[in-house]
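Here are a few notes to read alongside the model. Have a look at the fold, then go through the points one by one.

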Amino acid sequence: MRKYFYALMVAVFATMSLAVTGCSKDDDGDTGGSVVGTWKVETMKASDDYWQYDYYDFKEDGTYKHAMVIRFMGKTDVEVDSSTWSKAGNQITIDGDTGTIKTLNSSTMVVSLGVFEITYKRCSADEMQKYL
């Protein structure tokens, strides 16, 4: 059941990301910031009791830790994994998937991954740590 729910959430996120991201052109072309640090992706938020956040903590050594936090029907589920990342110019590879960095500054990173565009917002390491 959990795998079906996750697949449904990925499909819904993909649809929503196409409709919601990329509305502002203010930061386009700004890719000089640092990837290193803790980032949060608000994948889905339908209500206070139904949401999903993804946290990424990118380390200077090319590794990262990822925490996917889902709140559904009063229960919070957390999945944690880790892998590698690298950046060359405006290309970023996260766990083997390569995307184009459209925006990277002190507060926002926007990555185009095929037809998807993912917006990361910088957050404190403490915000992610509470789920680890």
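**Notes on the fold and its strand pairing**

1. Let's begin with a turn in the chain: two residues make up the hairpin that takes strand 1 into strand 2. Keep in mind while looking that this is a predicted model.

2. The two strands on either side of that hairpin, strand 1 (residues 37-47) and strand 2 (residues 50-58), run antiparallel and are joined by nine bridges. If you want a spot to check the register, try Val41, which sits opposite Asp54 of strand 2.

3. Strand 1 has another antiparallel partner too: strand 8 (residues 116-122), with two bridges between them. Which residue of strand 8 is the bridge partner of Lys40? That would be Lys121.

4. Now step back to the whole protein chain. You'll find two helices and eight strands in it. Reading from the N terminus, the order is α-β-β-β-β-β-β-β-β-α, so to speak a run of strands with a helix before it and a helix after it.

5. How much of the chain is buried? Of its 132 residues, 35% fall in that class. As for the surface, the accessible area of the protein chain is about 7700 Å², and carbon and sulfur atoms account for 54% of it.

6. One last number concerns contacts along the sequence. Taking the contacts in the protein chain with a separation of 6 or more, 42% are between residues 24 or more positions apart. The pairing of strand 1 with strand 8 is a good place to look next.

How values were computed:
Residues numbered from 1 in each chain as written. Predicted model: local features only at pLDDT ≥ 70, side-chain atom pairs only at ≥ 80, totals over all residues. Heavy atoms only, no water. Helix = DSSP H or I, 4+ residues; strand = E, 2+ residues; numbered from the N terminus. Buried < 20%, exposed > 50% of the residue type's maximum accessible area, 1.4 Å probe, protein only. Contact = heavy atoms within 4.5 Å. Areas by Shrake-Rupley, 256 points an atom, 1.4 Å probe, with all protein chains shown as cover. Pairing = 2+ DSSP bridges.
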